[in-house]
Amino acid sequence: MAASAPPRWDRKMQQRLARGEEAALGELYDRYASLVHSLAHRVMDDEEAAAQITREVFGYIWENPDAYDPKQGSLRSWIAGLTQRQSVHRLRQSENRGAGSPEQVEDRVREASTAARADYIVTSMPEPLRQALDLAYRRRMDYREAAADLGVTEDEARRRLRLGLQLLSTAVQDSSPQGRSL
């Protein structure tokens, strides 16, 4: 997974896209296609739909490079937001065609949005936090074992785990019905 691009790179990329440089779109795709596809797949739970959303997101970027405002955040975050909105829109469309009630559709949208935000948060967090969470949750290590494996103090391992969990908790907080509109 690509690390966050520096803001200067973001501005230069936007300028290149605005000039119509096809190579810029290729570079952007190489850097962020896996992020877009994985977020879309997480929401849609459908490979074909995720591939279609990936094409739509990069098509939108190509046609609307000035829609990105570097003052509002990183290009990576903007692209993730586009993906999230397009995925949720498509999910609502597909669920509304089904037999589910409006409440069931919104519950599914909320669950998928929370999961996609959590995935994005984990892939965006600094490597030391991600490593600590991986050891604690996938390998079932406590903070002492994680500290030994990471070669850090127990206090540092606890700090990393606490910060990682705090970041992840924002995915759930942002998805509460009264806390956020989609």
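Asp46 caps the N-terminal end of helix H3, with a side-chain oxygen 2.9 Å from the backbone nitrogen of Glu48. The model is a predicted one, in which local features need pLDDT of at least 70 and side-chain atom pairs count only at pLDDT 80 or more, while totals for chains, interfaces and linings use all residues. Residues are numbered from 1 along each chain as its sequence is written, and side-chain values use heavy atoms, with hydrogens and water left out.

Helix H3 covers residues 47–63, and its 17 residues reach 24 Å from the first C-alpha to the last, close to the 24 Å expected at 1.5 Å a residue (the expected span is 1.5 Å times one less than the number of residues). Helices here are DSSP runs of H or I with at least four residues, numbered from the N terminus. Ala49, Ala50, Ile53, Thr54, Val57, Phe58 and Ile61 of H3 are buried (under 20% relative accessible area, against over 50% for exposed and in between for partly exposed, with a 1.4 Å probe and protein chains only). Seen down the axis of H3, these buried residues fall within an arc of 165°, so they line one face of the helix; the arc is taken from the directions from the helix axis to the C-beta atoms. The face turned away from that buried side carries the exposed residues Glu48, Arg55 and Glu63.

What of a partner in helix H2? Val36 lies in that helix and is buried, with a relative accessible area of 1%. Val36 and Ile53 are 17 residues apart in sequence and 8.1 Å apart in space, C-alpha to C-alpha.

Notes: Helix = DSSP H or I, 4+ residues; strand = E, 2+ residues; numbered from the N terminus. Polar contact = N/O pair within 3.5 Å; in protein donor to acceptor, adjacent residues only side chain to side chain.
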